[in-house]
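Q: Could you walk me through how to read the features of a structure like this one?
A: Gladly; let us put it on screen and take the features in turn.

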Amino acid sequence: AVWDVYVEDEREYEVELEWSCAPDSAGNAFVLEAAGRRLEGLVASTGGWDRYQREPIGTIELPAGERRLCLRPGARPTWALMDLRALRLKRR
């Protein structure tokens, strides 16, 4: 998934994902890349594809200006990576 965003001031952001993932697809690695920075993690099970969960996955510093955020598998996933409903950036 790719998003184009405009960052007004250089700052650190808390990154929050809202996703669902069945137990048999859990454990796959993901990477969020933006402006030469990256966050890595593992997708946790939410108990099923219809059960969404929202939680922070880390922080990322973004310079001011137009930025592209890319969330992708960190390695070839077994089954699906996740059902991503939202990615939120919260000012710190």
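Q: Which residue stands opposite Leu69 in E6?
A: In general, strands of a sheet pair through backbone hydrogen bonds, either parallel or antiparallel. In this predicted model, the residue facing Leu69 of E6 is Ala34. The strands E3 and E6 run antiparallel and are joined over five bridges.

Q: What is the strand order of the open sheet that four strands form?
A: Reading across, the order is E1-E6-E3-E4, and the pairing is antiparallel. E1 (2–7) and E4 are the edge strands; each has a single partner, so one side of each is left without a neighbour in the sheet. On average, neighbouring strands of this sheet are turned by 20 degrees against each other, direction ignored.

Q: And what is the order in the open sheet of three strands?
A: That one reads E5-E2-E7, with antiparallel pairing. E5 and E7 are its edge strands, each pairing on one side only. The twist from one strand to the next averages 15 degrees. Within this sheet, E2 and E5 are antiparallel and share 10 bridges. For a landmark to click on, try Trp19, which stands opposite Gln53 in E5.

Q: Now the interior. Which residues touch the most other members of the largest nonpolar core?
A: That core has 18 residues, and the ones touching the most other members are Leu17, Phe30, Leu32, Val43 and Met82. Two or more residues each come from strand E2 (11–21), strand E3 (29–34), strand E5 (48–62) and strand E6 (65–73). E2 gives the largest share, five residues.

Q: Let me pick one of them: which residues does Leu32 touch, leaving out those up to four places away in sequence?
A: Its contacts are Val15, Arg37, Arg38, Leu39, Leu69, Cys70, Leu71 and Leu87, with residues up to four places away not counted. You have already met Leu69, which sits opposite Ala34.

Q: How should I read backbone torsions, and what is phi of Ala35 near?
A: The general idea is that most residues other than glycine have a negative phi. Ala35 has a positive phi near 50 degrees. Ala35 lies in the loop between E3 and strand E4 (37–42), and is partly exposed at 31% relative accessible area.

Q: Where is Trp79 placed, and is it buried or exposed?
A: Trp79 is in the loop between E6 and strand E7 (83–91). Its relative accessibility is 69%, so Trp79 counts as exposed. Trp79 also has a positive phi, about 60 degrees, although it is not a glycine.

Q: What does Ala80 touch, not counting residues up to four places away in sequence?
A: Ala80 touches Ser25, Asn28 and Trp49 on that count. Ala80 is in the loop between E6 and E7 too, and is partly exposed, with a relative accessible area of 34%. Sequence distance can mislead you here: Ala80 and Cys21 are 59 residues apart along the chain, yet their C-alpha atoms are 8.2 Å apart in space.

Q: One last feature, the rings. How many aromatic pairs does the count come to?
A: A pair of aromatic rings is described by the distance of the centres and the angle of the planes. With a cut-off of 6.5 Å between ring centres, the count here is zero aromatic pairs.

Q: Which residue lies over the face of Tyr52?
A: That is Arg85, at 3.6 Å from the ring centre.

Terms used
Residues are numbered from 1 along each chain as its sequence is written. This is a predicted model: local features need pLDDT of at least 70, side-chain atom pairs count only at pLDDT 80 or more; totals for chains, interfaces and linings use all residues. Side-chain values use heavy atoms; hydrogens and water are left out. A nonpolar core is a set of buried Ala, Val, Leu, Ile, Met, Phe, Trp, Tyr and Cys residues joined through side-chain atoms within 4.5 Å. Buried means under 20% relative accessible area, exposed over 50%, partly exposed in between (1.4 Å probe, protein chains only). Contact means heavy atoms within 4.5 Å. Two strands pair if DSSP finds at least two bridges between them. Axes are lines fitted to C-alpha atoms, for helices over the stretch in contact, and angles run from 0 to 180 degrees between N-to-C directions. Rings of Phe, Tyr and Trp (its six-membered ring) pair if their centres lie within 6.5 Å; planes under 30 degrees apart count as stacked, over 60 as edge-to-face and the rest as tilted. A charge sits over a ring if NZ of Lys or CZ of Arg is within 6 Å of the ring centre and within 35 degrees of the ring normal.
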